[in-house]
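Subject: A structure for you to look through

Hello,

I am passing on a structure for you to explore. Please open it beside this email and follow along as you read.

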Amino acid sequence: MVKALVARAAGHALHVEDIELPAPGPGQVRVRVRAAGVCHSDLSMANGTLTAPFPLVLGHEAAGVVAEIGADVQRVAVGDHVVLNWSPPCRQCWFCSHGEPWLCETGGTPAARRGTASDGTPLNVTLGLGALAEEVVVPEAAVIPLPAGAPLEESALLGCAVLTGVGAVVNTAHVAAGDTVLVIGLGGVGLSVVTAARAAGAETVIAVDISDAKRDLAAAAGATHFLVSDEALTKGVRGLTGGRGVDHSFECVGRSATIRSAWRSTRRGGQVIVVGMGAKDDMVTLSALDIFHSARTLRSAVYGNSDPDREVPQLAEAVLDGSLDLKPLVTHRITLAEAPAAFERMARGEGARSVVVFD
Ligand code: APR
Ligand code: ZN
């Protein structure tokens, strides 16, 4: 039996429950989770914004230590420190063999059947992981070995928010020195975008949130300007960019309204990167003339258009050598029992990342 955070139905209160996980089968590993972040995608599944099966063990952003390996496991040994990967590429499908492993046909499935509740009910685990738990049992492809000495608390964030945010800047948008950047939504993902944009040499990074309380977090992550999201947002952004709008805007909320704001705040010929994951019935309307005349590109960044097996260790090295500072991202270190309150905080738009630290 291990403790795990379980959502029983959409919109219901979250509870820590005792769950039973299977022993690792061939090609699977059991990982003792040491740190796990609270990400908005978990909230979106728990509250019904994204469709998910229940009961559902939440969590998909974590790092830990390999505790047991099944038969034929090649990639890791007991005792290895690893980051969990919620979209492990198969390396065989069309997308994987065409250099787009983030679009793998089998990667990123919303949930998988795994384990049982104490009453015997079969459980589902978020994104094949269910990482807000003392332990997970996952395929070996879903663990990425960390370089020696990488701090597990910060490494946990590499598995979702940071890889997503940094990848969106570097791999999707190709932000270059001197560029102007807008980031809407300053949670773990948006703040990672801010950090990466500055690291890429962006001259102007305008950080935007509905909550004024994000101002200091934005500055700590390297934003050059902070604006509160309102009707006058586009005007504010244009005022800071010679009347044109930004070269790149990153939508890190997952709503049509903020996608529209990002679109309007981008210069002619610039690009809008949708990083947030919104609801399937939340429609974005753009006029045909506007699409033509603005000459903007609208695209999304899925898992930072990254190959996690290659890029997570690189990011961990950057954390180790001090070139990537993730400390400003972690605003709350909590226990698993405190995770339901962290979800409520996230729903109110407070803080950056809450990280559950297991002893
Ligand atoms: N305008 C600006 N900011 C907004 C708005 C809005 N209309 N609505 C919400 N926000 C802000 C919140 O105040 C919060 O600071 O967006 C931020 C979202 O942060 P988190 O809830 O911490 O979410 P995060 O984990 O960063 O994920 C962001 O990326 O991966 C996806 O599913 C995820 O869609 C989610 C997005
Ligand atoms: Zn996530």
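Below are some notes on what turned up, place by place.

This is a predicted model, in which local features need pLDDT of at least 70 and side-chain atom pairs count only at pLDDT 80 or more, while totals for chains, interfaces and linings use all residues. Residues are numbered from 1 along each chain as its sequence is written, chains are lettered from A and ligands numbered from 1 in the order in which they are written, and side-chain values use heavy atoms, with hydrogens and water left out.

Let's begin with the metal. The zinc ion (ligand 2) has three protein donors, Cys39 (SG), His60 (NE2) and Cys160 (SG), at 2.0 to 2.2 Å. Donors here are N, O and S atoms within 2.8 Å of the metal (3.2 Å for Na, K and Ca); water is not among the atoms, so sites may look incomplete. Along the sequence, the spacing of these donor residues is C-x20-H-x99-C. Cys39 sits in the loop between strand 3 (28-37) and helix 1 (40-46), and His60 in the loop between strand 4 (56-57) and strand 5 (62-69), so this pair ties together parts that are 21 residues apart in sequence. Helices (H or I, at least four residues) and strands (E, at least two) are DSSP runs, numbered from the N terminus.

Are these donors buried or exposed? Cys39 is buried, at 3% relative accessible area; His60 is buried at 0%, and Cys160 is buried at 5%. Buried means under 20% relative accessible area, exposed over 50%, and partly exposed in between (1.4 Å probe, protein chains only).

Next, the cysteines. A disulfide is a covalent bond between the sulfur atoms of two cysteines. Counting pairs of cysteine sulfur atoms within 2.5 Å, the total is 0 disulfides. Cys96, for example, is in none, and its nearest cysteine sulfur, that of Cys104, is 3.8 Å away.

Now look at Leu158, which belongs to helix 3 (residues 152-173). Leu158 is buried, with a relative accessible area of 0%. Beyond its neighbours within four places in sequence, Leu158 has contacts (heavy atoms within 4.5 Å) that include Leu163, Val312 and Leu326.

Finally, strand 17 (residues 330-334) and strand 18 (residues 353-357) pair in the parallel sense over 4 bridges; pairing requires at least two bridges found by DSSP. In this pair, Ile334 stands opposite Val356 of strand 18.

Enjoy exploring!
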